[in-house]
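This report goes through one protein structure, from its overall make-up to single residues. Please look at the sequence and the model first.

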Amino acid sequence: MVNRSIISFLLFSFVSVAVFSQAEYSGEVNLSGMVSSQDNLPFWMHHNKRGRILENTNVAGWVSGKAIFETGFYSSLEIGAGGLVRDNEGDEFAVDEAYAHFQTEDLYITAGIKHQEELYNGLSASNRSILWSLNSRAIPGLQIGTNK
């Protein structure tokens, strides 16, 4: 899946920045267990889960964290990383998120793998876009846009 040295570098970078800078930090740890009387989970148990839970998943866990640095009166830099482990994927650790997001009053730039904001309390199947739906993992890349 993903080279362990890349994951180690990302986590070391995140911890180093967190220790030596003033910023707003947050983290999240999730553990989910699912049981079904069938071979696969029912539709509603594995859809709209951001690709973290598959139809044959029994146990899944993910950890994520982010730091937000104020770079000016109207600009900020957000750095985030997260990992995912599922029982149906073997013992491999997968990158759930790894991104840098810079935002000013008018413009934003996101580089890496970042989940889109969940709209409508998760009730939308497509989350306003087929490519960015809540049914699949985040797409890596570069996104540039405006805030207005």
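What percentage of the 148 residues in the protein is buried? Buried residues account for 31% of them.

## Overall make-up

The model is predicted. The protein contains two helices and six strands. Followed along the sequence, these elements come in the order α-β-α-β-β-β-β-β.

Contacts between residues at least 6 apart in sequence were also sorted by separation, and 55% of them join residues at least 24 apart. The exposed area of the protein is about 9,700 Å², and carbon and sulfur atoms supply 58% of that area.

## The nonpolar core

Which residues make up the largest nonpolar core? There are seven in all: Met 34, Leu 41, Met 45, Ile 53, Ala 60, Trp 62 and Leu 84. Leaving out residues up to four places away in sequence, Met 34 touches three members of this set, Leu 41, Met 45 and Ile 53. Under that condition Met 34 also touches Thr 57, Asn 58 and Val 59.

Thr 57 belongs to the loop between H2 and S2. Is Thr 57 buried or exposed? Thr 57 has a relative accessible area of 0%, so the residue is buried. Its side chain reaches the backbone nitrogen of Leu 54 at 2.9 Å. When neighbours within four places in sequence are set aside, the contacts of Thr 57 are Met 34, Leu 41, Arg 86, Asp 87 and Asn 88.

## A nonpolar patch on the surface

Nonpolar residues also appear on the surface. Phe 102, Leu 107, Ile 109, Leu 142 and Ile 144 form a nonpolar surface patch of about 440 Å². Strand S5 (107-113) and strand S6 (141-146) are the elements that give two or more residues to the patch.

Phe 102, one of the patch residues, sits in strand S4, which covers residues 94-103. The relative accessible area of Phe 102 is 31%, so this residue counts as partly exposed.

## Salt bridges

Side chains of opposite charge can pair when their charged atoms come close. How many salt bridges does a search of the whole structure find? The search finds four. One of them joins Arg 50 and Glu 118, whose closest N and O atoms are 3.9 Å apart. This pair links distant parts of the chain, with Arg 50 in the loop between helix H2 (43-46) and strand S2 (59-70) and Glu 118 in the loop between S5 and S6. The two residues are 68 apart in sequence. Arg 50 counts as buried at 14% relative accessibility, whereas Glu 118 is partly exposed at 39%.

Another salt bridge brings together the side chains of Asp 96 and Arg 52, at 2.8 Å from N to O. Here too distant parts of the chain are linked: Asp 96 is in strand S4 and Arg 52 is in the loop between H2 and S2, 44 residues apart. Both Asp 96 and Arg 52 are buried. A further salt bridge is formed by Asp 106 and Lys 148, with the closest N and O atoms 3.3 Å apart. Asp 106 lies in the loop between S4 and S5 and Lys 148 in the segment after S6, so this pair ties together parts 42 residues apart in sequence. Asp 106 is partly exposed, with a relative accessible area of 42%, and Lys 148 is exposed at 75%.

## Two loop residues

Arg 50, in the loop between H2 and S2, has a further feature in its backbone. What is phi of Arg 50 near? Phi is near 60 degrees, which is a positive value in a residue other than glycine.

Leu 119 is in the loop between S5 and S6. At 18% relative accessibility, Leu 119 counts as buried, because the cut-off for a buried residue is under 20%. Residues up to four places away in sequence aside, Leu 119 touches Asn 127 and Arg 128. Leu 119 and Leu 134 are 15 residues apart in sequence, and their C-alpha atoms are 9.7 Å apart in space.

Notes:
Residues numbered from 1 in each chain as written. Predicted model: local features only at pLDDT ≥ 70, side-chain atom pairs only at ≥ 80, totals over all residues. Heavy atoms only, no water. Helix = DSSP H or I, 4+ residues; strand = E, 2+ residues; numbered from the N terminus. Buried < 20%, exposed > 50% of the residue type's maximum accessible area, 1.4 Å probe, protein only. Contact = heavy atoms within 4.5 Å. Areas by Shrake-Rupley, 256 points an atom, 1.4 Å probe, with all protein chains shown as cover. Patch = residues over 30% accessible without salt bridge, like charges linked within 9 Å, V, L, I, M, F, W, Y side chains within 5 Å. Core = buried A, V, L, I, M, F, W, Y, C linked by side-chain atoms within 4.5 Å. Polar contact = N/O pair within 3.5 Å; in protein donor to acceptor, adjacent residues only side chain to side chain.
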